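Biologist: Before I rely on any label in a model like this one, I would like to hear how each was assigned. Could we go through them one at a time?

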Protein chains: 2
Amino acid sequence: MFGKDLLVRMLDRRDTLPPDEIALIEALPVRPVTFGPDEEIVREGSRPTESCLVANGFAVRNQATREGKRQITAIHVPGDFVDLHSLLLKVMDHSVSALGSCEVVFIRHKDLLTAIGGSPHLTRMLWLSTTIDASIQRTWITCLGRRSAKQHLAHIICELYVRLELVGLASDQTFAIPLTQAELGDVLGLSVVHVNRTLQELRAKDLVIWKDRRIVILDFQRLAILADFDATYLNLFHEPR
Amino acid sequence: MFGKDLLVRMLDRRDTLPPDEIALIEALPVRPVTFGPDEEIVREGSRPTESCLVANGFAVRNQATREGKRQITAIHVPGDFVDLHSLLLKVMDHSVSALGSCEVVFIRHKDLLTAIGGSPHLTRMLWLSTTIDASIQRTWITCLGRRSAKQHLAHIICELYVRLELVGLASDQTFAIPLTQAELGDVLGLSVVHVNRTLQELRAKDLVIWKDRRIVILDFQRLAILADFDATYLNLFHEPR
DNA sequence: CGTCGCTTTGAGACCTATCAACAATGGTGG
DNA sequence: CCACCATTGTTGATAGGTCTCAAAGCGACG
């Protein structure tokens, strides 16, 4: 539990985790903490000695610009090993904060290193998880640079649906996420006003309903076509890694 | 040689590579190939069995949208282990192509796995290199989402200078890179016309000269302030990883 | 019932894209 | 050596997307 079961599930979806590796993960000592909406989980500029895993709720990475603008560079769902980066990067170049209330577990770098030290395959699986994050980030870059606001919004909705479905948090074309329009603007690089209008466009086309922190996708197929969404980058293939 | 010396240099800058790990890298069999301008090094959708390292020249990752637009999601300089991702991701979600003429060396996944199999630290150092790539990508996301065209352009110039200086390809506030304005547009998510005008703005402020594929930074300090550039994300710290 | 956080609306300004044309450059073959 | 061509850079004009500012609507909650 403590989100480690979800982590195992996400990794196992990509390549079978043998029992001994699952055991290594399950044996990791955790320090569970619950954060309230918008609370900072890891601060930009700090030097964490632990990494954190989302157990429940959502977390985002964000960078702030000098002018006080904010950009969300990743959204993390339960089972995501959010801050595995700090294991290697040492100094945080961005902060991680809770989206709505969020339960995470902290795992000491020391314990992580011990666990993976004797298992090259488990090491690769964790490496893989950071690599999938990077793959998602590349896709976000393309969305920001070359897709319209409408396409970008549609794209993120498709992505969230697929990722949440994987951990059992989305089904029947619907899922819940505590994302305000302001925060959505920080994801899409748009102003609140424009987010609102873009959302209305998707509604007007009967593609989605976004109400009370719940999203209903009325026509995934058409939404995916509009968004130019191709799930390859989420790496949902099961194979030897 | 074959770029492996540069790889060692880049890793060693972040954490001392002991002689045995350097030896492991140097012993890796390589297959050197030279690509002409704009040639594809790794194709989107393919399943590489080798990873490639830039030995000379530049390579970019790019994604294409259905509408035929192109976004460059990363620029790789000599010493960059461009395609280490494919070791874990298996299926390419983007392609890699040469910027100008570019020498790369291919290294078989099989050989890489053997080399790192017995060395957890070397494994982490390669993992680190993909993590730094991800860190750069996050910064690009912020530039795309929350900075003006002018700031973004200034930012990428600062970044390239710092990264190239690290491998001895930039000094005295100047460096060469075979990037056309159209390609620069694909990096910044802008149209060619706007790139041209933005470049003129930086010139008019006596910040940079960009001519004949050579960039001269007239005032790094002011450029960095304009860009809100902070090199933390490039992880130039030497420490145990 | 008033406050607070969030969503929605309107209007105008600004940034960036698009289209079209032209200038500069470098390479090529005659 | 010159004419030609392809590529790259530059400019102008106009359209459209997105931002900003300001204000109003709405629902939850104490």
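Modeller: Let us begin with A:Thr131, which touches B:His85, B:Leu88 and B:Leu89 when residues up to four places away in sequence are not counted. A:Thr131 itself lies in helix α5 of chain A, residues 120-146, and I should say at once that the model is predicted.

Biologist: Why is A:Thr131 called buried?

Modeller: The relative accessible area of A:Thr131 is 2%, and the word buried is used under 20%, so A:Thr131 counts as buried.

Biologist: What makes B:Gln71 buried?

Modeller: B:Gln71 has a relative accessible area of 0%, and the limit is again under 20%, so the label buried applies to B:Gln71. This residue sits in strand β4 (residues 70-76) of chain B, and its contacts, leaving aside residues up to four places away in sequence, include A:Ile141, A:Thr142, A:Gly145 and A:Arg146 as well as B:Arg61 and B:Gly189.

Biologist: Which backbone oxygen does the side chain of B:Gln71 reach at 3.0 Å, and how do you know that this is a polar contact?

Modeller: The side chain of B:Gln71 reaches the backbone oxygen of B:Asp186 at 3.0 Å, and the backbone oxygen of B:Val187 is likewise reached at 3.0 Å. A polar contact requires N or O atoms within 3.5 Å, with one able to donate a hydrogen and the other to accept it, and on that basis both pairs are polar contacts.

Biologist: What makes β8 and β9 of chain A a pair of strands?

Modeller: Four bridges join strand β8 (residues 208-211) of chain A to β9(A), and the two run antiparallel; since pairing asks for at least two bridges, β8(A) and β9(A) are paired. One of the bridges has A:Trp210 with A:Ile215 as its partner in β9(A), and in the hairpin, with two residues between the strands, A:Asp212 takes a positive phi near 50°. Strand β7 (residues 174-176) of chain A is joined to β9(A) by three bridges, also antiparallel, and there A:Ala176 stands opposite A:Arg214.

Biologist: Which side chains of β9 in chain A are buried, and which are not?

Modeller: The side chains along β9(A), residues 214-217, alternate: A:Ile215 and A:Ile217 point to one face and are buried, while A:Arg214 and A:Val216 point to the other and are not.

Biologist: Why are β6 and β8 of chain B called edge strands?

Modeller: In chain B four strands form an open sheet in the order β6-β7-β9-β8, with antiparallel pairing. The strands β6 (170-171) and β8 (208-211) of chain B each pair on one side only, and they are the edge strands on that account. Helix α6 (residues 149-166) of chain B packs on this sheet, touching β6, β7, β8 and β9 of chain B, with its direction at about 90° to that of β7(B). Two bridges connect β6(B) and β7(B) in the antiparallel sense, and at least two are required, so these strands meet the criterion for a pair. Within that pair, B:Ala170 stands opposite B:Phe175.

Biologist: How many residues surround DNA strand C, and what makes a residue count as near?

Modeller: A residue counts as near if one of its heavy atoms lies within 4 Å, and 14 residues surround DNA strand C, the closest being A:Gln181, A:Asn196, A:Arg197, A:Gln200 and B:Ser191. Sugar and phosphate account for 63% of the atoms of DNA strand C that come within 4 Å of the protein. A base nitrogen of DNA strand C is nevertheless 2.4 Å from an N or O atom in the side chain of A:Arg197, while a polar side-chain atom of A:Asn196 lies 2.5 Å from a phosphate oxygen of that strand. With five residues, α8(A) gives the most to the surface near DNA strand C.

Biologist: Which helix gives the most to the surface near DNA strand D?

Modeller: That is α8(B), with five residues. DNA strand D is surrounded by 14 residues, and A:Ser191 and B:Arg197 are among the closest. Polar side-chain atoms of B:Gln181 and of B:Gln200 each lie 2.8 Å from a phosphate oxygen of DNA strand D, and the corresponding distance for A:His194 is 3.0 Å.

Note on methods:
Residues numbered from 1 in each chain as written. Chains lettered and ligands numbered in written order. Predicted model: local features only at pLDDT ≥ 70, side-chain atom pairs only at ≥ 80, totals over all residues. Heavy atoms only, no water. Buried < 20%, exposed > 50% of the residue type's maximum accessible area, 1.4 Å probe, protein only. Contact = heavy atoms within 4.5 Å. Axes fitted to C-alpha atoms, helices over the stretch in contact; angles between N-to-C directions.
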